[in-house]
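Colleague: Got a minute to walk me through this one? I'd like to start with how far to trust it and then poke around.

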Amino acid sequence: MEKSEERKFEEKRIEKVKKEIERQLNTITSYSGDLKTDVVHLRKTFWDDVTVNIENDEDAVETLASIKQQAEMLSERERTHGQLHKRFKTLSRLKDAPYFGRIDFREDGEKDKDIVYLGISSLMDEKQENFLIYDWRAPISSLYYDYSPGYAKYETVEGSIEGSMLLKRQFITKNGRITSMFDTGVTIGDELLKEVLGNNASTHMKTIVATIQKEQNALIRNEKSRYLIVQGAAGSGKTSAALQRVAYLLYRHLHDLTAENLMLFSPNPLFSSYVGTVLPELGEDNVKQTTYREYIEKEIGGRFKIENPFKQLEYVLTYEENDFYEAKLAGIQYKATLSFQKLIDSYIDHLKEQDMIFKHIRFRGRMLIHAVKIKAYFYSLDSSISIPNRINLVVQWLLTELSKKEREEREEEWALEESELLETEDYVNVYDQLQREEAFSENTFNDFEREQKRLSRKIVKKYFKPLRAAVKKLKFIDDVALYKQLFKVNGLPVPHDWEKIKAYTLKNLRKKHLPYEDTAPYIYFLGKLQGQRRNLLVQHLFIDEAQDYSPFQLMLFQELFPRCQMTILGDKNQAIYAHAMNGETLLSPTLYNKEEREEMTLLKSYRSTREIVEFTKPLIQEGEKIEPFNRRGPKPVVSVVDDSFHHRRIADYVKGFIDKGHTTIAIICKTTRESREAYEKLESLFHVQLMDEETYSFQKGTIILPVYLAKGIEFDAVIVYDASSHKYEKEFERNLFYTACTRAMHELCICSRGPVSSFIQQANQDTYREE
Ligand SMILES: Nc1ncnc2c1ncn2[C@@H]1O[C@H](COP(=O)(O)OP(=O)(O)OP(=O)(O)O)[C@@H](O)[C@H]1O
């Protein structure tokens, strides 16, 4: 076919497909309208069709069955309505962009070729015979991402299918019309990717479904190992691929996996909202997202004021002049390790024999059950029983004790007195009850006494209810005191700098402050006392920015999510938390069982222009392995200014960027403190927004933020606020600086008040311009 004929053919086809989409949309509209009316009607008339009769057991069972039947019918219709609604939304998206690619594939040994059009969801023709569009996640669609024309193969459940790809075509569509199409030779045409990457940064992450690269496709579809560990360069598409992987898993396991079974741990709420649009854009339900901080608050909040991770970082980075700085640092590093887990385990062994601490159970200011008595009961139990199981037995015992005490309390003065102050309604209830009992009893002479007993019983029961609830919630274990005691007991396998770690920790615990580095150990310890609260619902955990988690946290995740597969993504060069300075992180393969893990490395960087990548590569170890995507832009600028010109210069850069059409500009600072100072100086010079850890989303425009909040996010242009030698010098500040620079898509300016950081001196001089 001639080129123009090809185009006509494709244009005609897309119109045909759109008509079919339109037809299916209309069908859904009318059917779902009926269904909705049906649901509303059913809700209104729910009880009309149920005959309630509870005269005897048989009637009651029948009534129950009929209610159940009616409820099932209603929920079935509601479910169908929900599914139709979802399909409606997907079809509406397909109408705008029915497909983005086409491949012609001839399987070996077959005469005819398959023509496969790929879109975000599949679509059958009216007769339900042929696919007009294949879902991008279908096995055959893999060909599109993995091969160029020529030999190609894809995997199915029945095995590999080999053949040859005769054509690979890409489409760019707008409002359902083809604006351009081209046949490609390479894996996925550079042209399309260049176009996508050349656009302005967005305040929300975009789906990459049309341009997934081969190595990303491998990550998305890998289902072999329990732990998939992905080390990827900055901007290599880890987060993007992870979200496509969520969509892929939901498609592959349609019947046994829902969004409920997947969970994404993200670094902060800003990041959560940044990535929150990708899955809905693909027509999928959003995955549950949480941050580690949210999680710990839920588990141990209330007992302490918990230090948040950013405060910890801020503390480490601002080198507060105090004696505890060293101790804090040592504690952060030690408490991240599995040696600390071993220490806790030894302490637990110790507690099996002695030193458990319980709280008294008090009632109305009086001692009801003394802690010593609880402890004695605990240690009277067989010591081979685990602590959580013994605690369960203690609960049973305490509940029985409470029942005894409750009976005693009924006779107490206070109960009798209070019963006289009861509401009339309570009197009436008790009176009614007595009357009902009367029908079966001859005994009426001591009515008043019986009435009063009933009332005081009622009162005492009411007061004991919270006590029982507290016992069931194990409030009688003094876990705070027990954790403190961990730092005091002798004979445990402690590290050499234990004394200073101990002093710093106890100082905080006494003030009811829990340092961030103690959070995972605390939850682990609590689990060892109370029994770990396992989450069995979540079957697949995604941990992004994995370099920010410690081995201790990994072990905790494994305990909390015992059935989970995990996708662990990160970049060791962006590890900014102090525990990672010399130690291992969640990305370290050796933490995982060899048989259960698989490692992947993504080296190609898509976010930044070639010029920016070339500048940032020498900043890190093995940076030479990073391969930039070939998109060109201006060289980064390094601008050394003295104090008086600093802010004026930044204002000039911002203006220049705006004039060039950049819409998201970030001034990235080292810490929150520096961000605030910068904001105070800059807000009078141009319109700028300050972001801190409480900011959950951002708008286009110019913003000031600390590096740790910029994690995972990108901007058209980045200005590093002050890269002078006294700001970025120590080895662990290297990653911070690298993370800041790699947030830029198109332009990067590095300002420095005075001599620049030695990191920049390591960069190749040809890769930047000085101003
Ligand atoms: N295959 C692709 N097609 C189109 N765009 C892509 C592709 N892969 C990555 N990108 C783009 O590159 C940028 C970086 O991607 P992403 O944020 O997923 O990378 P990352 O590895 O998580 O980065 P970082 O570790 O630096 O936060 C995004 O704009 C993303 O849309």
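Modeller: Sure, here is a quick tour, starting with confidence.

Colleague: What kind of model is it, and how are residues numbered?

Modeller: This is a predicted model: local features need pLDDT of at least 70, side-chain atom pairs count only at pLDDT 80 or more, and totals for chains, interfaces and linings use all residues. Residues are numbered from 1 along each chain as its sequence is written.

Colleague: What's the average pLDDT for the protein chain?

Modeller: The average is 88, and 92% of the residues score at least 70; pLDDT is the predictor's confidence in each residue, from 0 to 100. For the complex, the predictor gives an ipTM of 0.99 and a pTM of 0.86. Where pLDDT is low, the predicted coordinates should not be read in detail.

Colleague: OK, the ligand. How many residues surround it, and which are the closest?

Modeller: There are 24 around the ligand, and the closest are Thr211, Gly237, Lys238, Thr239 and Ser240. A residue counts as near if its C-beta atom, placed from the backbone, lies within 6 Å of the molecule.

Colleague: Which helices supply at least two residues of that shell?

Modeller: Helix H4 (190-198) and helix H6 (238-252) each do. Helices (H or I, at least four residues) and strands (E, at least two) are DSSP runs, numbered from the N terminus.

Colleague: And how does the shell divide by residue type?

Modeller: It has 7 nonpolar, 12 polar and 5 charged residues. Ala, Val, Leu, Ile, Met, Phe, Trp, Tyr, Cys and Pro count as nonpolar, Asp, Glu, Lys and Arg as charged, and the others, Gly among them, as polar.

Colleague: Where does UniProt place the "binding site" feature?

Modeller: The unreviewed UniProt entry puts it at Gly232, Ala233, Ala234, Gly235, Ser236, Gly237, Lys238 and Thr239. UniProt positions are in the numbering used here, feature names are shortened, and annotations may be inferred rather than shown by experiment.

Colleague: Take Ala233. Is it buried or exposed?

Modeller: Ala233 is buried, because it has 28 C-beta neighbours inside 10 Å. The cut-offs: buried means 20 or more other C-beta atoms within 10 Å of a residue's own, exposed means 12 or fewer, and partly exposed is in between, with C-beta atoms placed from the backbone. Ala233 sits in the loop between strand S8 (227-232) and H6.

Colleague: What does Ala233 touch?

Modeller: Not counting residues up to four places away in sequence, Ala233 touches Asp571, Leu602, Leu603, Ser605 and Ile626. Contact means C-beta atoms, placed from the backbone, within 7 Å. Ala234 is in the loop between S8 and H6, and with the same sequence exclusion it touches Asp571, Gln574, Ser605, Arg607 and Thr742.

Colleague: Switching topic: how many helices and strands are in the protein chain?

Modeller: It has 27 helices and 26 strands. One open sheet has 7 strands in the order S22-S23-S21-S24-S25-S20-S26, with parallel pairing. Its edge strands are S22 (689-690) and S26 (769-770), each pairing on one side only; two strands pair if DSSP finds at least two bridges between them.

Colleague: Over how many bridges do S21 and S23 pair?

Modeller: Strands S21 (residues 664-669) and S23 (residues 701-706) pair over 6 bridges, in the parallel sense.

Colleague: Which non-glycine residues have a positive phi?

Modeller: Gln128 is one of them, at about 60 degrees, and Leu474 also has a positive phi of about 60 degrees. Gln128 is exposed, because it has 7 other C-beta atoms within 10 Å. Leu474 lies in the loop between helix H17 (447-472) and helix H18 (479-486).

Technical notes
Contact = placed C-beta atoms within 7 Å.
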